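Please open the model in your viewer, with the sequence panel visible, and keep a selection tool at hand. The stops below are meant to be taken in order.

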Amino acid sequence: MTEPKVYFDEPLNNPPEIPPELDRWNWGAFLLNWIWGIGNSVWIALLMFVPLVNIVMVFILGARGSRWAWKNRAWRDAEHFRKVQRRWAIAGFLVVLLSIAAGVALVFGTMAIMRSSDAYQMTLDAARGDPRVVQALGDDFSASSFFTGGVSTNGDGTGGAGFNIPVSGSKGSGTIFSQLHREANVWKIDRLAVTIDGQEPIVIIEDGQEALPGTST
């Protein structure tokens, strides 16, 4: 029996060069880069693991990915290539959306944990207990859901915390700034001030001591 001849010099696809209508930006290559590269036998995509080079490589993959994928794999026809690359693009967008959702959930989760901390509650209680702040903002002032800061605690009962909390009420808005430390599992405020829009900052606690009554700074 005569074995079929194999011509290794023949292109994988016909035509060997990618049709113009398929030579377009490849979202799958751009969004999934090295993962897409392995799936499409485009090994140059592994340069994504090289620092600094990966910054440029992600755009090169988006621009030239379709051309490389066409040459490096066998496709039944243009429609087959189009369908596969569309699936890669959809997968890429799903990964991005899931990553964004996970990031948002992480931010909200972290803020929820910090809002429930004793250090955060102590900061708000001290600000609400100062008549100067109430007079400037209104007794109905509330804290924004979005703030910056952090809380750290250690196993020996020590720790530190700091917050920048936007607040607003019927009379105005401002920001609460606080620094706290923790000893023997007990929080203490080191510095606490409230900046009111258009007014001088109100210093409530400085170096662990309450400000004198009737003073602002």
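Begin by selecting N185, which is found in the loop between strand 4 (173-183) and strand 5 (186-196). As you look at its backbone, bear in mind that this is a predicted model. N185 has a positive phi of about 65°, although this residue is not a glycine. Is N185 buried or exposed? With a relative accessibility of 53%, N185 counts as exposed, because the cut-off for that class is over 50%.

Next, move to L52, in the loop between helix 1 and helix 2. Here too the backbone deserves attention, since phi of L52 is near 75°, a positive value in a residue other than glycine. L52 is exposed, with a relative accessible area of 68%.

From there, select helix 3, residues 78-115, together with helix 1, residues 27-39. The two helices pack at an angle of about 110°, with their axes 8 Å apart, and they are therefore roughly perpendicular to each other. To display the contact itself, show W27, G28, L31, L32, I35, W36 and G39 on helix 1, and Q85, W88, A89, A91, G92, F93, V95 and V96 on helix 3. Colouring these residues of the contact by character will give eleven nonpolar, four polar and no charged.

Keep helix 3 selected and look at its N-terminal end, which is capped by D77: a side-chain oxygen of this residue lies 3.2 Å from the backbone nitrogen of E79. If you then draw a distance between the end C-alpha atoms of helix 3, they are 55 Å apart, which agrees with the 56 Å that its 38 residues should span at 1.5 Å a residue.

Which residues of helix 3 are buried? They are H80, F81, V84, Q85, W88, A89, G92, M111 and M114. To see what surrounds these buried residues, add helix 1, helix 2 (53-72), helix 4, strand 2 (148-153) and strand 3 (159-168), against which they pack.

For the last stop, select D130, which lies in the loop between helix 4 (118-128) and helix 5 (131-137). D130 is buried, with a relative accessible area of 8%, because that value falls under the 20% cut-off. Show I202 and I204 as well, for D130 is in contact with both of them, leaving aside its neighbours within four places in sequence.

Terms used. Residues are numbered from 1 along each chain as its sequence is written. This is a predicted model: local features need pLDDT of at least 70, side-chain atom pairs count only at pLDDT 80 or more; totals for chains, interfaces and linings use all residues. Side-chain values use heavy atoms; hydrogens and water are left out. Helices (H or I, at least four residues) and strands (E, at least two) are DSSP runs, numbered from the N terminus. Buried means under 20% relative accessible area, exposed over 50%, partly exposed in between (1.4 Å probe, protein chains only). Contact means heavy atoms within 4.5 Å. Axes are lines fitted to C-alpha atoms, for helices over the stretch in contact, and angles run from 0 to 180 degrees between N-to-C directions. Angles under 35 degrees count as roughly parallel, over 145 as roughly antiparallel, 65 to 115 as roughly perpendicular and the rest as oblique. Ala, Val, Leu, Ile, Met, Phe, Trp, Tyr, Cys and Pro count as nonpolar, Asp, Glu, Lys and Arg as charged, and the others, Gly among them, as polar. The expected span of a helix is 1.5 Å times one less than its number of residues. A polar contact is a pair of N or O atoms within 3.5 Å; within protein, one must be able to donate a hydrogen and the other to accept it, and residues adjacent in sequence count only if both atoms are side-chain atoms.
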